[in-house]
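Student: Hi! Could you pull up the model so we can walk through it together?
Tutor: Sure, here it comes.
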Amino acid sequence: MSAGYNFAYLDEQTKRMIRRAILKAVAIPGYQVPFAGREMPLPYGWGTGGIQVTASVIGPDDTLKVIDQGADDTTNAVSIRKFFARTAGVATTTRTAEASIIQTRHRIPETPLKAGQIIVFQVPIPEPLRWLEPRETLTRRMHALGDYGAMHLKLYEDIARFGRITTAYDYPTLVNGRYLMAPSPIPRLDNPKLDRSAALQLFGAGREKRIYALPPHTPVKSLDFEDHPFRVEGWSQPCARCGARDSYLDEIVIDDRGGRRFVCSDTDYCDGRLAAEARSS
Amino acid sequence: MSETPLLRVQGLTKRFGQRVACLDIDFELWPGEVLGIVGESGSGKTTLLRCIAGHLDVSAGEILFAVHDGLVDLAAIREGERRRRIGHDLGFVHQNPRDGLRLAVSAGANIAEPLMNAGMRHYGSLRRIAADWLARVEIDPSRIDDNPRHFSGGMQQRLQIARNLVTSPRLVLMDEPTGGLDVSIQARLLDLIRQLAADLGLAVLLVTHDLGVARLLAHRLMVMQEGRIVEAGLTDQVLDDPHEAYTQLLVSSVLRL
């Protein structure tokens, strides 16, 4: 652990302020709580919101996992994991089941989360109504009045133009029948994992300075039409490495002649399946 | 006509600082009636309309609107209750259709949005109703997926009217609905409004400075000057036999062809 830094980088007053925001967010599921976001030693858009939330909830006994687009070994994930290993001295892991805190960008692990775990999402645009209404005063008013009918416009336009809902990520959800929530840019396939999850789910947006949360077992419904129900995407082939059919697959170009293959985006899940196969054979 | 007025305005006053825009306005509007408000620019017509629509807070007075479960005072109601109790009973047609439309989405979505606000979640029905309403306001239903930005001014105005009427309101407020359109398009639009109002039994509060429009559409007329109603009565009566000096001036200043 590096000397000269407070535990988990942020000073205690800041952590207390962020914890107060988190408590309020947990008390009002899906409601965006403003907080005094701090400058972090990395650029906006790289996870400053998620890092501040993680720094405020992490303790010396926690085990941290950081994923970026499902992978544990991408630059962003490696850097943030190292950041907390250095400033908080906590144990880190790549195994979903062993982590007590998981900070993530763009994915929810395929392995179902358990009670007691915390998942922290990095959020670029916390306001699901932003594309519709650029004024913050008006979007707040829309939230206050539950004025969400216009949100279906986007889905209507999708169907009118393409014959189906094409919104593939950051698919809008309604939390506990009350607040409209942006689930952060996770693929549509991950939306059902938000619903009634046993883990505490925290969302931090650094640039926009907003925190929101889903306490365990909160109902989360993805918006849809009666005759065009919400559906997750599927693939025509299984994962090229582990053969999984139920996980989110990344398309990887393997040569310059159009060759490509599909593999799990969740590296821990993929490796876990391969290891289990090796053990059983 | 039914026993009670749809809208009863009592002592409505609107001040902007020291300036008085509307002073002590009283009138009643009955179901199915088209009431015109005429007067020169700056006489307070649009301010009155915007007070009733809830776009402006009134300084004093009551605006009693009959909804399914009794009377609501539009001047005192809070936004949340306003939405819950009035919902889509009240429509507003802006002078400039671009103020009343969502230009980022297609024509069909513009008509479907009020229905989605009201809780309709069936794409097929939304689509059918939107196409139906496009035809009713004389827009080719094949343009349902076109962006209204590419529509002519007259088409945009007809689209705005469809968007307002799709939820079957009981009262529609119109602010110069034919302003900025050329004469032949105006005539077609007036025909359309008159026919729809008659078909749907709609009450309309129509603000215009064009006495010709008022003559064609309105059953009754109120003349406003400097924030007051100076004369009111049946349209033909007011226009053919004006009593007040100001009304006489207004009527005589129209060119006759």
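Tutor: Below we chat about the chain contact, a sheet and the domains.

Student: Anything to know before we start?
Tutor: This is a predicted model, where local features need pLDDT of at least 70 and side-chain atom pairs count only at pLDDT 80 or more, while totals for chains, interfaces and linings use all residues. Residues are numbered from 1 along each chain as its sequence is written, and chains are lettered from A and ligands numbered from 1 in the order in which they are written.

Student: Cool. How many residues of chain A are in contact with chain B?
Tutor: 14 residues of chain A are in contact with 17 residues of chain B (contact: C-beta atoms, placed from the backbone, within 7 Å). Helix 5 of chain A, residues 151-162, gives the largest share of chain A's side, seven residues (helices, H or I of at least four residues, and strands, E of at least two, are DSSP runs numbered from the N terminus).

Student: And what does helix 5 of chain A meet in helix 4 of chain B?
Tutor: H152(A), L153(A), Y156(A), E157(A) and A160(A) meet G108(B), A109(B), A112(B), E113(B) and M116(B) there. Those contact residues divide into six nonpolar, two polar and two charged (Ala, Val, Leu, Ile, Met, Phe, Trp, Tyr, Cys and Pro are nonpolar, Asp, Glu, Lys and Arg charged, and the others, Gly among them, polar).

Student: At what angle do the axes of those two helices cross?
Tutor: Roughly 140 degrees, and the axes of helix 5 of chain A and helix 4 of chain B come within 10 Å (axes are lines fitted to C-alpha atoms, for helices over the stretch in contact, with angles from 0 to 180 degrees between N-to-C directions). Helix 5 of chain A and helix 4 of chain B are therefore oblique to each other (under 35 degrees is roughly parallel, over 145 roughly antiparallel, 65 to 115 roughly perpendicular, the rest oblique).

Student: Switching topic: what order do the strands of the open sheet in chain B take?
Tutor: The four strands run 2-1-4-5, with antiparallel pairing (strands pair if DSSP finds at least two bridges between them). Strand 2 (19-29) and strand 5 (70-73) of chain B are the edges.

Student: What packs on that sheet?
Tutor: Helix 1 of chain B, residues 45-53, touching strand 1, strand 2 and strand 4 of chain B.

Student: Last one: which domains does chain B have?
Tutor: The domain assignment gives domain 1 (7-89 + 169-256) and domain 2 (100-165), with bounds from an automatic or database assignment. Their centres, taken over C-alpha atoms, are 25 Å apart.

Conventions:
Two residues are in contact if their C-beta atoms, placed from the backbone, lie within 7 Å.
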